[in-house]
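Here is a short tour of a protein with its ligand, written for someone who likes atoms and distances. Have a look at the model first, and then we can walk through it together.

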Amino acid sequence: MILETKNLEFSYPDGTKAIDDISITIPEGKKVSFVGKNGSGKSTLFLLLNGTLKPKSGKVLFGGKEVNYSASGLRELRKKVGIVFQNSDDQLFAPTVYQDIAFGPLNLGYSKEEIERVVNQMLDHFGLQSLKDKPPHHLSGGQKKRVAIAGVLAMDPDIIILDEPLSNLDPVGADEILDILNELNGLGKTIIISTHDVDLAYQWSDYVYLLSSSKLINEGTPGFVFSNDEEVRNSALKSPFILDVYRELEKRWLAPGNAQPKDIPELVQLLRSIDLMRVEAGPEIEVGGCVNLGVLFGEFAKDGLYEAVNSRVLFKNDDGTAVVELNRRVLKPGAIYVYDMDSFDKDEFDKIIEEYDIDHIGAMGKKSKDIAENEGINVVCNSGVIDKSILNAITGSRCLIITSKGMVSHTAKRIREYIRNSGIRLVFGPVGKGATEIDSAGKEEGKEE
Ligand SMILES: Nc1ncnc2c1ncn2[C@@H]1O[C@H](COP(=O)(O)OP(=O)(O)OP(=O)(O)O)[C@@H](O)[C@H]1O
């Protein structure tokens, strides 16, 4: 366990008990959410986790060792456990973006050259180079959030704690921050967030802690925690929207029971296939019998060059028509390709669009979006990119996701998981010069699944 608390208690000087007997264990490399309504104790717990507050009783352990509250012990802990506050204005105070990001490394005693290297790396990575001389308080909410995360990341912590990371961000800005968090997690960092957003906690987390009135009331996988409606309601929260929709479909027999879809692609995958069609039917056709609806040819045929499409008759009308059940969806499998924008080359890119017959481009991450804008690339989707690409591909589109290094492997992992779990045939693979890194890690690139 990288971070633990044992029977933690904390009260503020005015007597408010903010943390009441909280014991948690956070494994390394996971995405963890603390969910609870306003005032349930999330921010206080986070300040205890990085040693800003000292518990009244109980323990905080990092890497199995109890936190040492001496000045040097706390410096060491804060290097390992970075915290991004809910309100960026509480975090950013230097005269320029550059100096703000440099603050942590400077305090840790990095050399001048090292500070310059790290800060420039952060500015590049978070698409902040053009803002480096601006005062942070002149930035937008999303830009401030990126500077705050960059400042924490400049110290290379093992754990990044973010208090309400998406509050006050527009959907695209929120998506960009989520992309960054997923990328950091892909690079091995443990990410801990607090949120009231049950949809976010349900979809994003590996593990969820539910807090109510300073106490821990439940914990577990998101599916486990959010399947207990009563507890969720008692914490003054609601159940995730996608679970509500799924339950209504289940009640109407449109989806099988006991599943827990996380996102729209998973929900779509669960829907029962009820493709019905009204057709002309002669007197020889009977209920339960077969009607031939035609022939599929070439790439549409399942085996061989031709395929007869036979459908079962469910119902016969007096007017000579029948309702039949289609047992075959005539859709060509679509494709999703991933292009690494760190190796962007305009000629190569244009060639890929043409050769792979791409009709849908989605951009993930600030850097990719900036390059796309400068190069006049026609991006049709810049939030929820992976889900939307999957949904488009399963209805026959040919999609290209443009993104950069850390996010490339995250994207590949999500899509491979979807293909594996759903059994849906999609063409998937990284393309372009920058594809080599995941080519060597994966086995399935470029071939039909
Ligand atoms: N400095 C303080 N002095 C006294 N009480 C405080 C202080 N800060 C927080 N509290 C109280 O401690 C309790 C827990 O607050 P905390 O900010 O940790 O909750 P939270 O879950 O982070 O809330 P939110 O979702 O609104 O950010 C609340 O009752 C709050 O009023």
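In this predicted model, an oxygen atom of the ligand sits 2.5 Å from an N or O atom in the side chain of T44. H196 also offers a side-chain N or O atom, 3.0 Å from an oxygen atom of the ligand. With S40 the partner is a backbone N or O atom, and the distance to a ligand oxygen is 3.1 Å. Here are these contacts side by side:

| Residue | Part of the residue | Distance to a ligand oxygen atom |
|---|---|---|
| T44 | side-chain N or O | 2.5 Å |
| H196 | side-chain N or O | 3.0 Å |
| S40 | backbone N or O | 3.1 Å |

On its own, the ligand has 630 Å² of accessible area, and the protein covers 65% of that.

Who else is in the neighbourhood? The shell around the ligand holds 14 residues, with N38, G39, K42, S43 and T44 the closest. By character, the shell splits into nine polar, three charged and two nonpolar residues. Helix α1, residues 42-49, gives the largest share of the shell, namely three residues.

S40 leads us on to another serine, since S214 touches it. Leaving aside residues up to four places away in sequence, S214 also touches K17, A18, I19, D20 and I22. Where in the fold is S214 found? It belongs to the loop between β9 (207-212) and β10 (215-220). Is S214 buried or exposed? Its relative accessible area is 9%, so S214 counts as buried, the limit being under 20%.

Next, the cysteines. How many disulfides are there? The count comes to zero. Take C381: the nearest cysteine sulfur, that of C399, is 8.6 Å away, and C381 is in no disulfide. A pair of sulfur atoms has to be within 2.5 Å to count, so this one does not qualify. C381 is buried as well, with a relative accessibility of 6%.

Finally, let us step back to the whole chain. The protein chain has 449 residues, 49% of which count as buried. Its secondary structure comprises 16 helices and 18 strands. Along the principal axes, the C-alpha atoms fill a box of roughly 90 × 55 × 35 Å. Among contacts with a separation of 6 or more, 63% join residues 24 or more positions apart. The chain exposes about 21,900 Å², and carbon and sulfur atoms supply 49% of that area.

Methods. Residues are numbered from 1 along each chain as its sequence is written. This is a predicted model: local features need pLDDT of at least 70, side-chain atom pairs count only at pLDDT 80 or more; totals for chains, interfaces and linings use all residues. Side-chain values use heavy atoms; hydrogens and water are left out. Helices (H or I, at least four residues) and strands (E, at least two) are DSSP runs, numbered from the N terminus. Buried means under 20% relative accessible area, exposed over 50%, partly exposed in between (1.4 Å probe, protein chains only). Contact means heavy atoms within 4.5 Å. A residue is near a molecule or strand if one of its heavy atoms lies within 4 Å of it. A polar contact is a pair of N or O atoms within 3.5 Å; within protein, one must be able to donate a hydrogen and the other to accept it, and residues adjacent in sequence count only if both atoms are side-chain atoms. Accessible areas come from the Shrake-Rupley method with a 1.4 Å probe; for residues, only the protein chains shown count as cover. Ala, Val, Leu, Ile, Met, Phe, Trp, Tyr, Cys and Pro count as nonpolar, Asp, Glu, Lys and Arg as charged, and the others, Gly among them, as polar.
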